[in-house]
Structure formats: structure tokens, C-alpha cells
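The following exercises ask the reader to work through pockets, sheets, a helix and single residues. Each task is followed by a solution in steps.

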Amino acid sequence: MKYPLAFSTWGKEEVEAIQKVIDTDMYTMGKHVKQFEQEFADLFNSPNAVMVNSGSSANLLMLSLLKWKYKLKGDIIVPVVGWATTYFPIALNDFKINFVDVDPNTWNIDVNKIEQAITPNTCAIMPVNLLGNSCDYDAIIKICEKHNLMLIEDNCESMGSKFNGQYTGTFGLAGSFSFFFSHHIQTMEGGMVLCKNKEDADYLRSMRAHGWVRDLPDNSSLYQKTGNAFNDNFIFATPGYNLRPLEMSGAIGSVQLRKWNDIMSTRLENTRHFIDLFSNKPWCRIQKDLGESSWFTFGMVLDGELKGRRAEIIDALDKAGIQNRPLASRNFLHQPVMPNLDYIVSGTMDAADDIHDNGFFVGNGSVSIKDEITLLYETISRFVK
Ligand SMILES: Cc1ncc(COP(=O)(O)O)c(C=O)c1O
């Protein structure tokens with residue numbers, strides 16, 4: 001593979017961090033996870049961070065918070081291009097999924113179509129910051145305030161992205177992150193929820209681990225500990241799961257954060273080369289950056305004379321050793337799982353269908369890939385007359 005989809009962010013420091021945990025013989029969630037949570041919260045200027053075993057679990061916890069703590073019911077507005085586990089936690093928590101088309105240029109939820117999608121039962125909006133690109137939070141927050149809707153962000157692809165100088169994942173009640181391989185930082189499996197409110201964080205911590213109160217501070221409003229260890233054990237205060245991260249993932253996370261500035265500066269250097277080559281071409285559209293994207297991957301939608309020719313282009317990329325994928329969930333309405341889900345659709349899905357038919361992405365990462373991006377350009381531009 002000349003140009004793989006994903007690049008490891010690890011060095012010997014991560015392996016040493018794992019070994020240190022092994023040496024203690026304590027593998028389950030503990031002090032390393034706690035330390036990583038604190039460092040992560042500090043980095044993103046958020047008062048609370050709760051680590052879990054994946055980004056999907058982070059989304060599941062956020063939706064369960066809306067259901068169980070906030071007692072919300074009804075439908076939740078989402079973009080129709082996202083990720084499978086953006087949508088499934090909505091359904092699993094008995095909400096209806098309310099799909100809205102994306103913007104043809106940013107590929108994020110089309111903020112001009114949100115208000116017409118609101119029903120008397122709409123209770124929340126869950127935008128997805130797609131491929132590192134922030135949504136338009138000025139517009140979204142205005143709509144949430146006007147219609148009294150809760151806001152949670154699926155930020156699993158967009159660690160480090162900003163809008164008006166503020167980090168994505170911190171605009172709503174809560175925001176999710178993923179640390180799966182290929183993401184900005186990598187903890188084997190792993191995810192995080194950032195949230196504004198301490199009581200929400202306690203609730204998330206309880207749901208993360210069986211619903212018990214063990215990981216809560218003594219003064220939590222969920223449960224006042226008595227100080228008697230026996231009485232305080234096996235007390236279940238929320239309808240929980242087991243979504244705990246491993247201690248090794250927490251230890252790796254702390255090491256990865258020390259590399260954060262280098263990871264981002266290399267990713268952005270790669271991006272400058274990608275933009276130099278691919279912007280303002282009549283035969284493709286790259287993602288329009290609304291704020292300061294953290295460029296998870298490099299996507300494009302074929303346009304002009306290349307529109308409708310994706311199969312040929314993908315074949316050429318495969319032959320050139322350039323790994324590629326469809327653009328995230330594509331238009332999720334076309335997925336075979338749909339008959340299982342309770343959903344509504346508002347308006348047409350023209351931009352999502354274009355992404356579905358003409359979109360794909362290739363990798364970005366924390367190593368310099370300028371030559372690989374040039375190879376990508378040469379491979380595709382050969383098709384242009
Ligand atoms: C938008 C989005 N949400 C959620 C997830 C799930 O994250 P994880 O793979 O850590 O479960 C992903 C994964 O890439 C994603 O892209």
C-alpha cells in the first residue's frame with residue numbers, strides 16, 4: 001500500500017506506558033484513566049471529561065443521559081451523513097431519528113433546513129462534525145435557543161477542530177470523541193464525553209459502570225455516600241451499562257496528548273498540500289472549512305466532467321495503492337439497516353445523494369504524506385481532459 005488510510009501515532013512511549021500498567025497488575029479503569037480525563041478536560045477547556053471504551057459508547061452515554069436524566073422523548077435531528085453509531089444510540093434510547101440533508105459544501109448538517117424539520121416532538125439536535133469540520137454553531141445554537149432544543153455533538157471525527165475559536169465537542173450539553181486507530185489520537189479502542197455540568201458527568205460515570213455509585217465523588221447529588229464501605233458498595237443509581245475503558249488506554253491517552261501539538265501540525269501541513277492541489281478544481285469539491293478543521297481525512301465529491309465516474313477513479317486508486325473509503329455513512333437512508341429503525345425524513349436529500357454517488361475519502365495522519373497526496377492528484381487528474 002503506497003498511501004494507506006491510517007497512520008499510527010505510536011512510538012516506544014506508548015508501549016512503555018502499557019508495560020507500566022502491566023507491571024502494576026491493575027488493568028481495569030483506575031488512576032491512569034482519571035489522569036487522562038483531567039488532562040483531556042484541561043486541553044479542551046471543559047469542566048468534565050468521562051472516558052469510555054469507544055466513541056460509539058460515548059454517543060450511547062450521551063443519548064442515555066437525555067433519556068434517563070433529562071427524561072426527554074420524541075425525535076432528534078441529525079444529518080443524514082454521519083456514522084452508523086451516531087444513529088443507533090438514538091434508536092436504542094427510544095427516540096425517533098429525524099434526518100436532515102447536509103450542506104453540499106461543508107457536508108455537515110444544512111442549517112437552513114433544520115427549522116423546517118422541527119416537529120412538535122423534536123427534543124434535541126445532534127450535529128456531526130464530519131471529517132474534522134465544525135458545524136455552524138452560531139446558527140445551530142440560535143435554533144436550539146429559539147425552539148428550546150437540547151444540543152449534543154457527535155465530535156468523534158473532529159478532535160481539535162474549532163469554530164469561532166472554541167473547540168468542537170464543547171458547544172452543547174455534551175460532546176463525544178473517538179480514539180480508535182486512524183483518529184487524531186489512538187488508545188487502541190477508546191472514547192470520551194466532555195460535558196458542561198458536573199451532575200451530568202456524575203450521571204455518565206454511573207451509567208458507564210453498571211449504574212453504580214462507586215466512581216462518584218462523596219458529595220454527588222446522585223447519591224450521598226455514608227462513609228461505610230459496605231453500605232456504599234453495590235448501590236445502583238442509574239440504568240447503566242459497562243462501557244469502562246481499560247487502564248492501559250488511559251495511560252496511552254496521556255502519552256498521546258503530549259504529542260498533540262506535533263500530531264496536529266503534521267496533519268495541517270499535509271492539509272495545506274492537499275488544498276493547494278485540489279481546491280478550486282471544476283472536477284471535484286473538497287470540504288469547505290467553516291472554522292478551523294482538524295482534517296480527519298481528505299474527502300472529495302467528484303464533480304463536473306468526473307461526476308458519475310467514481311467506479312473508474314476508485315479502480316485507479318486501488319491500482320495505484322491508494323487506500324480509500326466511501327464518504328462516512330454515505331446517505332444513511334440507503335443503508336440496509338433502515339427498516340429496523342424508527343425515523344422521519346424531512347425534505348429532499350440531494351446533497352447526501354451526491355455524496356453517496358460521487359464521494360470518497362483517503363487518509364490524513366500524523367506523518368508527512370505530501371508525496372502520497374501528489375500521487376493521489378496525479379492518479380485522479382489523469383482522468384481530466
Ligand atoms: C462520526 C462518528 N461517530 C462515532 C464513531 C464511533 O467511534 P468508535 O469507532 O470509537 O466507536 C465514529 C467512528 O469513526 C464516527 O466517525
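**Exercise 1.** Describe the second largest pocket by its lining, its volume and the elements that contribute to it.

*Solution.* Step 1. The lining of the second largest pocket consists of 19 residues, and Lys-34, Glu-37, Arg-205, Arg-208 and Asp-215 lie nearest its centre. A pocket is found on a 1 Å grid over the protein atoms alone, as an open set of points where a 1.4 Å probe fits, with protein on both sides within 12 Å along at least five of seven lines; lining residues have an atom within 4 Å of a point. The model is predicted: local features need pLDDT of at least 70 and side-chain atom pairs count only at pLDDT 80 or more, while totals for chains, interfaces and linings use all residues. Residues are numbered from 1 along each chain as its sequence is written, and side-chain values use heavy atoms, with hydrogens and water left out.

Step 2. The space in this second largest pocket is about 430 Å³, where a volume is the space filled by probe spheres set on the points, which are joined across faces, edges and corners.

Step 3. Helix H2 (31-43), strand E1 (48-52) and helix H7 (198-208) each supply at least two lining residues; H2 gives the most, with six. Helices (H or I, at least four residues) and strands (E, at least two) are DSSP runs numbered from the N terminus.

Step 4. By class, the lining has eight nonpolar, three polar and eight charged residues. Here Ala, Val, Leu, Ile, Met, Phe, Trp, Tyr, Cys and Pro count as nonpolar, Asp, Glu, Lys and Arg as charged, and the others, Gly among them, as polar.

**Exercise 2.** Determine how far H7 is enclosed and what covers its buried residues.

*Solution.* Step 1. Of the 11 residues of H7, nine are buried, so this helix is largely enclosed by the rest of the structure. Buried means under 20% relative accessible area, exposed over 50%, and partly exposed in between (1.4 Å probe, protein chains only).

Step 2. Among the buried residues of H7 are Arg-205 and Arg-208, both of which also lie among those nearest the centre of the second largest pocket.

Step 3. The cover over the buried residues includes H2, E1, H3 and strand E9 (191-195), with contact meaning heavy atoms within 4.5 Å.

**Exercise 3.** Characterise the largest pocket in the manner of the first exercise.

*Solution.* Step 1. The largest pocket has a volume of about 620 Å³.

Step 2. Its lining counts 28 residues; Trp-83, Phe-180, Ser-182, His-183 and Phe-296 lie nearest the centre.

Step 3. Helix H3 (55-69) and helix H4 (84-92) each give at least two of these lining residues, and the largest share, three residues, comes from H3.

Step 4. The lining divides into 12 nonpolar, 12 polar and four charged residues.

**Exercise 4.** State the strand order of the open sheet of eight strands, and identify its edges and the helix H6 that packs on it.

*Solution.* Step 1. The order is E1-E9-E8-E5-E4-E2-E3-E12, with mixed pairing; two strands pair if DSSP finds at least two bridges between them.

Step 2. E1 and strand E12 (343-345) are the edge strands, each with a single partner, so one side of each has no neighbour in the sheet.

Step 3. From one strand to the next the twist averages 25°. Axes are lines fitted to C-alpha atoms, for helices over the stretch in contact, and angles run from 0 to 180 degrees between N-to-C directions.

Step 4. Helix H6 (residues 137-147) packs on this sheet and touches strand E4 (122-125) and strand E5 (150-154); its direction makes about 145° with that of E5.

Step 5. Strand E3 (residues 96-100) pairs with E12 in the parallel sense over three bridges, and Ile-97 stands opposite Tyr-343 in E12.

**Exercise 5.** Compare the settings of Asp-94 and Arg-330: what is the phi of each, and is each buried, partly exposed or exposed?

*Solution.* Step 1. Most residues other than glycine have a negative phi. Asp-94 has a positive phi, near 70°, and Arg-330 has a positive phi near 60°.

Step 2. Asp-94 is placed in the loop between H4 and E3, and Arg-330 in the loop between helix H11 (310-320) and E12.

Step 3. Asp-94 is exposed, with a relative accessible area of 57%, whereas Arg-330 is partly exposed at 33%.
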